[in-house]
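User: I would like to learn how to read features from a model. Please take me through a few, one at a time.

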Amino acid sequence: MELLTAEFFQRALIGGALIAVTAPLMGLFLVLRRLAMIGDTLSHVSIAGVALGFLINVYPVAAGLAFAIAASFAIEALRRTYRTFAELSIAIIMSGGIALASILFTVGRGYNMNVSSYLFGSIYTLDGTDLIVIAAVTAVVLAAVLLLKKELFLLTFEEEAAAVSGLPVRYFNVLISVLAALVISVSIKIVGALLVSALLTIPAACSLALAKSFRQAIALVVIVGEVSVIAGLWIAGIWSQAPGGTIVLVMIAALLLSLAARKIRV
């Protein structure tokens, strides 16, 4: 119980609970649109922004967020250029992000840059500013999904039909990418850039294994995300383990249980 009274753990629970709603939710849309790898791409670009933020003495999460949003626009532009080979856009932007990050790391060696918490996650170091940014991103994502749920549903499952019906497909494609960029940027301090794609994809995989409808999938993806993050934080806190890695392992355990439950049900 002492753990629950610690301020750092309370901030971790709040930040984790907020991200556990938005990251799996956006991950579900990305997985259904076969863009699961965009999480890795935007997280690597975000790290380049974080490194630049340290160099120029700017709030690192804000710099990473700006880089991720710019990368989301670049991905959509490349996807339109290479329509038949859309995955090329993800590979190109990821390569550019890693290259830029490596250069900035090299430049920052003499500036006491410490980006390890953004690479591997450090949810226990969340401060008030981090929570405000995470809460703002959560509000924006939830508002967009609630207000545009019909359009997003149609775009996710029938993009051609959406275009024929007059829906501005290009606008909504950019919107989804930008929302994903926002979520990924604020998630890297919780689970780390190297693990952020797990937060997007594993709850979605659990949900798709069990859900019988899209509405059920949305509910399940949020439930799996919340339970995994809170349980992972609790286990990591009690046994003094890395919280980001523990959260991901709990998610993998949830996926195995979901697949087992699916086989039993069938």
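Analyst: Start with one residue at the surface. Asn-57 has a relative accessibility of 72%, so it counts as exposed. Keep in mind that this is a predicted model.

User: Where does Asn-57 lie?

Analyst: Asn-57 is in the loop between helix H3 (38-56) and H4.

User: What about the phi of Asn-57?

Analyst: First the general idea. Most residues other than glycine have a negative phi. Now the case here. Asn-57 is not a glycine, yet its phi is positive, about 60°.

User: Which loop holds Ser-240, and what is its phi?

Analyst: Ser-240 sits in the loop between helix H12 (214-239) and helix H13 (243-265). Its phi is positive too, about 55°, and Ser-240 is not a glycine.

User: Is Ser-240 buried or exposed?

Analyst: Read the relative accessibility against the cut-off: over 50% is exposed. Ser-240 has 64%, so it counts as exposed.

User: Let us step back to the whole chain. How many helices and strands does the protein have?

Analyst: The protein has 13 helices and zero strands. Its pattern along the sequence is therefore α throughout, written α-α-α-α-α-α-α-α-α-α-α-α-α.

User: Why is the protein described as compact as a globular protein of its length?

Analyst: Compare the radius of gyration with the globule rule. The radius of gyration is 18 Å, close to the 18 Å that the rule gives for 266 residues, so the protein is as compact as a globular protein of that length. For the extents, use the principal axes. The C-alpha trace spans about 55 × 45 × 30 Å along them.

User: What do burial and contacts say about the chain as a whole?

Analyst: Of the 266 residues, 49% count as buried. For contacts, look at sequence separation. Among contacts with a separation of 6 or more, 76% come from residues 24 or more positions apart.

User: What makes up the accessible surface, and how are the charges placed?

Analyst: The accessible surface comes to about 12,600 Å², with 68% of it belonging to carbon and sulfur atoms. There are 16 positive and 12 negative side chains. The centres of those two sets are 8 Å apart.

User: Now a charged residue. Is Glu-76 buried or exposed?

Analyst: The cut-off for buried is under 20%. Glu-76 has a relative accessible area of 3%, so it is buried. The residue lies in helix H4.

User: What does the side chain of Glu-76 make a polar contact with?

Analyst: The partner is the side chain of Arg-79, at 3.1 Å. The general idea helps here: an α-helix has 3.6 residues a turn, so residues three or four places apart point the same way.

User: Which residues beyond its sequence neighbours does Glu-76 contact?

Analyst: Beyond four places in sequence, Glu-76 is in contact with Asn-173, Val-174 and Ser-177.

User: How does Ser-177 look from its own side?

Analyst: Ser-177 is in helix H10 (residues 169-191). At 2% relative accessibility, it counts as buried. Outside four places in sequence, Ser-177 contacts Ile-38, Leu-42, Ser-72 and Glu-76.

User: What about Ala-63, also in helix H4?

Analyst: Helix H4 covers residues 60-81, and Ala-63 is in it. At 11% relative accessibility, Ala-63 is buried. Its contacts beyond four places in sequence are Gly-49 and Gly-53. Distance along the chain and distance in space are separate readings. Ala-63 and Ser-46 are 17 residues apart along the chain, with C-alpha atoms 7.7 Å apart.

User: What are those two readings for Met-26 and Thr-201?

Analyst: They are 175 residues apart along the chain, and their C-alpha atoms are 9.2 Å apart. Met-26 is in helix H2. It counts as buried, at 2% relative accessibility. Beyond its sequence neighbours, Met-26 contacts Val-141, Ile-176, Leu-179, Ala-180 and Val-183.

User: And what are the readings for Lys-149 and Lys-263?

Analyst: They are 114 residues apart in sequence and 31 Å apart in space, C-alpha to C-alpha. Lys-149 belongs to helix H8 (residues 149-157). At 52% relative accessibility, Lys-149 counts as exposed.

User: Last, a whole helix. How many residues of helix H11 are buried, and what covers them?

Analyst: Count the buried residues, then ask what contacts them. Helix H11 (residues 196-210) is mostly covered, with 11 of its 15 residues buried. Among them are Val-196, Leu-199, Ile-202, Pro-203 and Cys-206. The cover includes helix H2 (7-32), H3, H10, H12 and H13.

Conventions. Residues are numbered from 1 along each chain as its sequence is written. This is a predicted model: local features need pLDDT of at least 70, side-chain atom pairs count only at pLDDT 80 or more; totals for chains, interfaces and linings use all residues. Side-chain values use heavy atoms; hydrogens and water are left out. Helices (H or I, at least four residues) and strands (E, at least two) are DSSP runs, numbered from the N terminus. Buried means under 20% relative accessible area, exposed over 50%, partly exposed in between (1.4 Å probe, protein chains only). Contact means heavy atoms within 4.5 Å. The radius of gyration is taken over C-alpha atoms; the globule rule is 2.2 Å times the number of residues to the power 0.38. Accessible areas come from the Shrake-Rupley method with a 1.4 Å probe; for residues, only the protein chains shown count as cover. Lys and Arg count as positive and Asp and Glu as negative; His and the chain ends are not counted. The place of a charge is taken as NZ of Lys, CZ of Arg, CG of Asp or CD of Glu. A polar contact is a pair of N or O atoms within 3.5 Å; within protein, one must be able to donate a hydrogen and the other to accept it, and residues adjacent in sequence count only if both atoms are side-chain atoms.
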